[in-house]
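The following exercises concern one protein chain and its ligand. Please study the sequence and the structure, attempt each task, and then read the worked solution.

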Amino acid sequence: MVILETKHLSFSYPDGTLALDNISVVIEKGKKIAFVGRNGSGKSTLFLSMNGTHRPKKGEILFHGKPMKYDSKSLREIRKNIGIVFQNSDDQIFAPTIYQDVAFGPTNLGYSKDKVEDIVNKTLEYVGLTHLKDKPPHHLSGGQKKRVAIAGIVAMDPEVIILDEPLANLDPVGADEVMDLLNELNYFGKTIIISTHDVNLAYGWADYVFLMNEHKVISEGTPEAIFMHDDNLKAAYLRRPVTLEIYEEIKRRGLVKPQCCPRDIPDLVHSLRSQQLLWAKVPSEVKEGDYINLGILYGDYAPESGYEAANCKVLHVHEDGLAIVEMDRKPYRAGSIGIYDTEYYSKDELLDIIDRDEIECIGAMGKRSKILAEGDEIYLHITAGVVDRSILNSLAGQRCLILTNGGMVGHALERIKDYMQKSGINIPVTVVNPNQES
Ligand SMILES: Nc1ncnc2c1ncn2[C@@H]1O[C@H](COP(=O)(O)OP(=O)(O)O)[C@@H](O)[C@H]1O
Ligand SMILES: [Mg+2]
């Protein structure tokens, strides 16, 4: 279903600078959309047009199929439903406290005091800023400010959230937290539109990409379609995403399966063709015809370990203890992933599970889960890219636990199942809270 559309949209600034030249784009509801282009290509201007701030010189914008109107009542309606988070948080945040800042939007929508309070408290908890709600925003870190700005928009419950360069000037942790939040909002049905010149971000994250250059959209398509084609990238003065660059290099060496376009590290790992025959150093008691376990990663003899090990048949043993072995194609044994829903958080229960299931790797996804774990001094091995890293670690034989809550539980389960389906490797995965039903 189409939610937002521009038709032959052109815009010039009052000084005569042409900023948008005949832009026609169609945005599908519920998708993750990236506009990618170098500085000056027109991304910010397009976004300000999409929420009614700039009025087009030519062409039109349609929201739910209806042309945008520019009287103040229509504009209020548009801005309630199409929220925009500016590149620079200081342009967005102005109230004396974080609470007041987030309350600004819902108050302006004319909600009762009780309703505003309820919305603001829920939103602040959602973005993990409850503990800072009475602080003045200018004391915050870049990542925290960005989350306040996003909270101010989320509090109005818009259908579309547009973020102009959402990761600009954020450190890696702040950036991961913002992306976690955007994924969660999208999982709950929001259409998310971002601009960026970071091809790695756009390639790994977006469902659909528009490439911009010189005030025009020069191509559009799935991330694979856009980023596999150097012509596209050259025309937009952009580089190929690193994952694809590595993939192309190992493909040239004949080391990958004939499939296309890994978008993330688990995909990339899975695209590697497994070796069939390899040399391994084996103890003297090993004879030809024996089955032995080899560590997947190192090719070393691994008699004790079921983890990260593969069955191999010994074809030929040399006198010096080196043998030629053939990989058995049975899928090797993986570790496991447990998902702990922190909606039902109890420190004692969590420690029990970590102990009982001999958990070796704990990751937390979402601000709420990180705060709970850190408050209880539970060491987090992974705080970013949590699902993908848990998949990789479980493939290497570790028992992993993901702490998360709400819809992100389902999101993690889907991502892991999706990986299992694509790779044919079974990873035992469960939601582990025993007390959840009670
Ligand atoms: N306020 C402004 N007045 C005049 N020209 C502007 C203004 N803002 C942006 N521009 C120009 O419009 C074009 C598009 O800019 P912008 O939308 O900011 O691109 P991007 O966000 O992709 O960097 C550029 O040529 C830029 O110099
Ligand atoms: Mg910009």
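## Overview of the chain

The protein chain contains 15 helices and 18 strands; helices (H or I, at least four residues) and strands (E, at least two) are DSSP runs, numbered from the N terminus. This is a predicted model, in which local features need pLDDT of at least 70, side-chain atom pairs count only at pLDDT 80 or more, and totals for chains, interfaces and linings use all residues. Residues are numbered from 1 along each chain as its sequence is written, chains are lettered from A and ligands numbered from 1 in the order in which they are written, and side-chain values use heavy atoms, with hydrogens and water left out.

## Exercise 1

Describe the surroundings of ligand 1 and its polar contacts.

Step 1. A residue is near a molecule if one of its heavy atoms lies within 4 Å of it. There are 13 residues around ligand 1, and Gly40, Gly42, Lys43, Ser44 and Thr45 come nearest.

Step 2. Sort the shell by type: two residues are nonpolar, eight polar and three charged. Here Ala, Val, Leu, Ile, Met, Phe, Trp, Tyr, Cys and Pro count as nonpolar, Asp, Glu, Lys and Arg as charged, and the others, Gly among them, as polar.

Step 3. Helix 1 (residues 43-50) supplies the largest share of the shell, three residues.

Step 4. Look for polar contacts (pairs of N or O atoms within 3.5 Å). Oxygen atoms of ligand 1 lie 2.5 Å from a polar side-chain atom of Thr45, 2.8 Å from a polar side-chain atom of Ser44, and 3.0 Å from a backbone N or O atom of Gly42.

Step 5. Of the 560 Å² of accessible area that ligand 1 has on its own, the protein covers 64%; such areas come from the Shrake-Rupley method with a 1.4 Å probe.

## Exercise 2

Identify the residues with the most contacts inside the largest nonpolar core.

Step 1. A nonpolar core is a set of buried Ala, Val, Leu, Ile, Met, Phe, Trp, Tyr and Cys residues joined through side-chain atoms within 4.5 Å. Buried means under 20% relative accessible area, exposed over 50%, and partly exposed in between (1.4 Å probe, protein chains only).

Step 2. The largest such core has 50 residues, and Val36, Ile150, Leu182 and Phe227 have the most contacts inside it.

Step 3. Apart from it lies another core, of 28 residues, among them Ile23 and Leu75.

## Exercise 3

Is Tyr291 buried or exposed?

Step 1. Tyr291 belongs to strand 12 (residues 291-295).

Step 2. Its relative accessible area is 53%, so Tyr291 is exposed.

Terms used:
A polar contact is a pair of N or O atoms within 3.5 Å; within protein, one must be able to donate a hydrogen and the other to accept it, and residues adjacent in sequence count only if both atoms are side-chain atoms.
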